[in-house]
Amino acid sequence: MRDVRAARRSILILFVVVLLLPACNRLTGQQSTSTIAIGSKNFTEEFILGEMYADLLEDAGFKVERKLNLGATPVAHEALLKGDIDLYPEYTSTALLTVLKDEPMSDRQAIFEKVKSEYEQRFKLTWLQPAPFNDTQALATTPKIADQFNLRTFSDLSQAAPNLVIGGPPEFFAREDGLPGLQKAYGGFQFKDQRQLDPGLRYQALLNGDIDVVVAFGTDGQLQGYDLVRLEDDKNFYPPYQAAPVVRQDTLSANPGIADALNKVEPLLTNEVMAELNWKVDGPAKMEPAEVARQFLVEKGLIRK
């Protein structure tokens, strides 16, 4: 009889544990049976951020699957909507202009509040805390070309464009925050030729003389690393582009610890820090994004070695 009662108690205890386990997971922010799929777009900064997010979540006890290098914004966004990934790093003004098809805004906080609200209502996606760095689009050239054509501002470039070849990612030549928008805002910008280039090939094409002007981004390590001339956006055409994790609401509800884990790193990512991290990958050191991300997080005490 004692054996029967003991067996019943064991079954009862096991039943209670099974009932309580989901609640415990919610309290700790972890769900042992789920895997968090992390995506990224197809350039260095996204790779580094994606690896950081993965490392932080793994250190917090989550199971993680890396699905990096998905492609441009429409591909990554669609993967998130379909549930192929649970989160990826996105940029506030990219969301505003490319996904929401809204008008550009200049105030950082207003942009963030707008995209956060719209994403939650329309897509059941939520934005976590954004990093302070501003990876706004830019245009750059070599000192030689800048001196030859007296290029210091976007207005200068708009007039000199018929003598020059520009190179950049394919979406730059189609999106409203790319060449079509510049042509409306500044006039001109009718280049002698346009070259669609993979993000990893843009700067080499400029240094080789295959193009005269390159589509750049504010945190590109190559700007300082190659001593390039970043032209001034004298009409303030480009709005702020802050990066933040965008997460499926159902994933976050089941795993609230995701927010705590990822929000730890965002305040540390300034323009200078992000440019330095990018240069470690794109510069002479040729480090892997995963190595750069892990090294940074360990140095800052955010994850264990």
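A salt bridge is a side-chain nitrogen of Lys or Arg within 4 Å of a carboxyl oxygen of Asp or Glu. With that in mind, welcome to this predicted model, which holds 15 salt bridges. Side chains of opposite charge can pair when their charged atoms come close.

One group to look for is a network: Glu51, Asp55, Glu58, Arg66 and Arg294 are linked by salt bridges.

Here are three individual pairs.

| Pair | Closest N to O distance |
|---|---|
| Arginine 304 and aspartate 59 | 3.0 Å |
| Glutamate 120 and lysine 116 | 3.2 Å |
| Aspartate 220 and arginine 202 | 3.8 Å |

The pair of arginine 304 and aspartate 59 links distant parts of the chain, 245 residues apart: arginine 304 sits in the segment after H14, and aspartate 59 in helix H2. Arginine 304 is exposed at 59% relative accessible area, while aspartate 59 is partly exposed at 23%.

Glutamate 120 and lysine 116 share helix H5, where they are four residues apart, about one turn of the helix. Glutamate 120 is partly exposed, at 28%, and lysine 116 is partly exposed too, at 25%.

Aspartate 220 belongs to the loop between strand S8 and helix H10, and arginine 202 to helix H9, so their bridge ties together parts 18 residues apart in sequence. Aspartate 220 counts as buried at 12% relative accessibility, and arginine 202 is buried at 5%.

Finally, visit proline 284, in the loop between helix H13 and helix H14. Proline 284 is exposed, because its relative accessible area is 72% and exposed means over 50%. Proline 284 lies 59 residues from glycine 225 in sequence and 9.3 Å from it in space, C-alpha to C-alpha.

Key: Residues are numbered from 1 along each chain as its sequence is written. This is a predicted model: local features need pLDDT of at least 70, side-chain atom pairs count only at pLDDT 80 or more; totals for chains, interfaces and linings use all residues. Side-chain values use heavy atoms; hydrogens and water are left out. Helices (H or I, at least four residues) and strands (E, at least two) are DSSP runs, numbered from the N terminus. Buried means under 20% relative accessible area, exposed over 50%, partly exposed in between (1.4 Å probe, protein chains only).
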